[in-house]
Amino acid sequence: TSVSIPNSVTSIGEWAFTRCSSLSSVNIGNSVSSIELGTFDSCINLTSVNIGNSVSSIGIQAFNNCSSLNSVAIPNSVSSIGDWAFKGCSSLSSVNIGNSVTSIGNKAFFDCSSLTSVNIGNSVTSIGNRAFQDCSSLTSVTLPNSVTSIGGYAFGWCSSLTSVTIGNSVT
C-alpha cells in the first residue's frame with residue numbers, strides 16, 4: 001500500500017509500479033533523478049506522492065490515470081513535465097509547479113476534472129497542446145511572463161474558467 005524509495009536509489013525503471021492498484025502513498029527519495037515513462041501509470045488508489053528534490057523530469061505517462069491522487073507539489077529541481085504525465089488524475093484538485101519547470105507537455109493535465117488551482121512557476125516557457133483540456137473545475141489561470149507559447153486547446157473545454165491572465169511574452 002505504500003512505497004518509500006530511499007536516498008540510495010538513483011533511478012526507477014519505466015513502468016515499475018504500473019497498475020499497482022493497492023498503492024496509496026509514495027515517498028521518492030532525494031537521489032532519484034527522474035520519474036520515467038509510466039512509472040506509476042494507473043495506480044488508481046494512489047492519493048499521496050512526495051517527490052524528492054533531485055528529480056529533474058517527470059516522464060511521459062508517469063502518473064497517468066492515478067484517479068485518486070488529490071494534490072501534487074512539483075519541486076524546483078524538475079525542469080520538464082512529460083506528455084500525459086498526470087492525464088486522467090480526476091481527483092487532483094491542486095498543482096504547484098516549481099520554478100525550474102520550463103515545459104509542460106501535451107495533455108500533461110488533460111481531464112483532471114477536479115483541478116481548481118494551478119500555480120505555474122516563473123520558468124515555464126511552453127505549455128503543450130491540450131495540456132489542461134477538460135479541467136472542468138479550473139476557474140482561473142495566471143500564466144507568468146516567461147511563457148512564450150501556448151499549445152492548441154491548452155485550456156479547451158475548461159467550462160468553469162472565468163479568469164485568464166496571460167503574460168506579455170506569449171508570441
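Strands, as the word is used here, are DSSP runs of E with at least two residues, numbered from the N terminus. In this predicted model, S137 lies in the loop that joins β11 (126-127) to β12.

**Two loop residues, S137 and N145**

S137 has a relative accessible area of 24%, and is therefore partly exposed. Leaving aside residues up to four places away in sequence, S137 touches S113, S114, L115, T116 and S160. A further spatial relation links S137 with C158, since the two residues are 21 apart in sequence while their C-alpha atoms are 7.1 Å apart in space.

N145 belongs to the loop between β12 and β13 (149-150), and with a relative accessible area of 45% this residue is likewise partly exposed. Its contacts, again not counting residues up to four places away in sequence, are G167, N168 and S169. N145 and I12, by comparison, are 133 residues apart in sequence and 34 Å apart in space, C-alpha to C-alpha.

**Nonpolar core and nonpolar surface**

In soluble globular proteins, nonpolar side chains tend to be buried together. The largest nonpolar core of this model comprises 48 residues, and those with the most contacts inside it are I58, I74, F86, I97, I104 and F109. At least two residues of this core come from each of β2 (25-28), β6 (71-74), β8 (94-97) and β12 (140-143). For F86, the contacts beyond four places in sequence are I58, F63, L69, V72, I74, I81, L92, A108, F109, F110 and C112.

A nonpolar patch is also found on the surface, where I150, V164, I166 and V170 together have about 300 Å² of accessible area. One of these residues, I166, lies in strand β14 (residues 163-166), and its relative accessible area of 47% makes it partly exposed.

**Cysteines without a disulfide**

How many disulfides does the model contain? The count comes to 0, and C20 is in no disulfide, the nearest cysteine sulfur being that of C43 at 5.1 Å. Because a disulfide requires a pair of cysteine sulfur atoms within 2.5 Å, the sulfur of C135, which is 5.0 Å from the closest cysteine sulfur, in C112, is too far away for a bond. As for surroundings, C20 is partly exposed at a relative accessible area of 30%, whereas C135 is buried at 0% relative accessibility.

**Positive phi outside glycine**

S42 has a positive phi of about 60 degrees although it is not a glycine, and N65, also a residue other than glycine, has a positive phi near 60 degrees. The table sets out the location and accessibility of each.

| Residue | Loop | Relative accessibility |
|---|---|---|
| S42 | between β3 (34-35) and β4 (48-50) | 14%, buried |
| N65 | between β5 (57-58) and β6 | 31%, partly exposed |

Is S42 buried or exposed? At 14% relative accessibility S42 counts as buried, because the limit for that class is under 20% relative accessible area. N65, at 31%, counts as partly exposed.

How values were computed. Residues are numbered from 1 along each chain as its sequence is written. This is a predicted model: local features need pLDDT of at least 70, side-chain atom pairs count only at pLDDT 80 or more; totals for chains, interfaces and linings use all residues. Side-chain values use heavy atoms; hydrogens and water are left out. Buried means under 20% relative accessible area, exposed over 50%, partly exposed in between (1.4 Å probe, protein chains only). Patches are made of residues with over 30% relative accessible area and no salt bridge: like charges are joined within 9 Å, nonpolar side chains (Val, Leu, Ile, Met, Phe, Trp, Tyr) within 5 Å. Accessible areas come from the Shrake-Rupley method with a 1.4 Å probe; for residues, only the protein chains shown count as cover. A salt bridge is a side-chain nitrogen of Lys or Arg within 4 Å of a carboxyl oxygen of Asp or Glu. Helices (H or I, at least four residues) and strands (E, at least two) are DSSP runs, numbered from the N terminus. A nonpolar core is a set of buried Ala, Val, Leu, Ile, Met, Phe, Trp, Tyr and Cys residues joined through side-chain atoms within 4.5 Å. Contact means heavy atoms within 4.5 Å.
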